[in-house]
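This report is meant to be read beside the sequence and the coordinates. It goes through a helix, a set of paired strands and a group of aromatic rings.

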Amino acid sequence: MTVDEWVDAYATAWRKRDSDAAAALFTEGSSYRSHPLQEAHRGNEGVRSYWETATATQDAVDVQMGAPVESADSRRAAVEFWVRMRNGGVPVTLIGILLLRFAEDGRCEDLRETWFFESDDHAPHDGWGA
């Protein structure tokens, strides 16, 4: 799996709120740190459990992913995301960056994300994600 394929699959899993599809993108020993000050979610089951909880209140999820920036060997990448959705019935925008490290089979073994959560529906600015 290429980095672009992984990013597309991640976005699709989020749009569909599919925790099984999300978990399948990660190695069994993976670390998924959804917030820099919180403990990492560990392995496929940790990712699945986190996604089930995190996406449970989300609806009308519009995920846009930027163009990934990759290392020469494609083992590390960074990618922006811009998500417009309803969370608990309220329009919100979630803007952030995923820092990724991949195993040789293309699954993610380490994800760290940082994000901003804003009230209301905000469209990406011109040039975002390029």
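The sections below describe helix packing, strand pairing and aromatic contacts in what is a predicted model.

**Helix H3 and its surroundings**

Helix H3 covers residues 43–55, and its 13 residues should span 18 Å at 1.5 Å a residue, which agrees with the 18 Å between its end C-alpha atoms. The buried residues of this helix are Gly-43, Asn-44, Gly-46, Val-47, Arg-48, Trp-51 and Thr-55. Their packing partners are helix H1 (3–16) and helix H2 (19–23), together with strands S1 (26–33), S2 (41–42) and S3 (58–65).

Strand S1 contains Thr-27, a residue that counts as buried because its relative accessibility is 11%, below the 20% cut-off. Leaving aside residues up to four places away in sequence, Thr-27 touches Gly-43 and Asn-44, as well as Ala-103, Arg-107, Cys-108 and Glu-109.

**Strand pairing around S5**

Strand S5 (residues 76–87) takes part in the pairings listed here, each with one pair of facing residues where given.

| Strand pair | Sense | Bridges | Facing residues |
|---|---|---|---|
| S3 and S5 | antiparallel | six bridges | Gln-64 and Trp-82 |
| S4 and S5 | antiparallel | two bridges | Val-69 and Ala-78 |
| S5 and S6 | antiparallel | twelve bridges | Glu-80 and Ile-97 |

S4 and S5 form a hairpin with five residues between the strands, where Ser-74 takes a positive phi near 60°. The hairpin of S5 and S6 has two residues between its strands, and Gly-88 in that turn has a positive phi of about 65°.

**Aromatic rings**

The structure holds ten aromatic pairs. One of them joins Trp-6 and Tyr-10, whose rings are stacked at 5.1 Å centre to centre with 20° between the planes. These two residues lie four residues apart in helix H1, about one turn of the helix. Trp-6 counts as buried at 0% relative accessibility, and Tyr-10 counts as buried at 1%.

What arrangement do the rings of Tyr-32 and Tyr-50 adopt? Their centres are 5.2 Å apart and their planes stand at 50°, so the pair is tilted. Because Tyr-32 belongs to strand S1 and Tyr-50 to helix H3, this pair ties together parts that are 18 residues apart in sequence. Tyr-32 counts as buried at 1% relative accessibility, whereas Tyr-50 is partly exposed, with a relative accessible area of 22%.

Ring pairs link these four residues into a cluster that also includes Trp-14, Phe-26, Trp-51, Phe-81 and Phe-102. Trp-51 is also among the buried residues of H3.

How values were computed:
Residues numbered from 1 in each chain as written. Predicted model: local features only at pLDDT ≥ 70, side-chain atom pairs only at ≥ 80, totals over all residues. Heavy atoms only, no water. Expected span 1.5 Å × (residues − 1). Buried < 20%, exposed > 50% of the residue type's maximum accessible area, 1.4 Å probe, protein only. Contact = heavy atoms within 4.5 Å. Pairing = 2+ DSSP bridges. Phe/Tyr/Trp six-rings, centres within 6.5 Å; stacked < 30°, edge-to-face > 60°.
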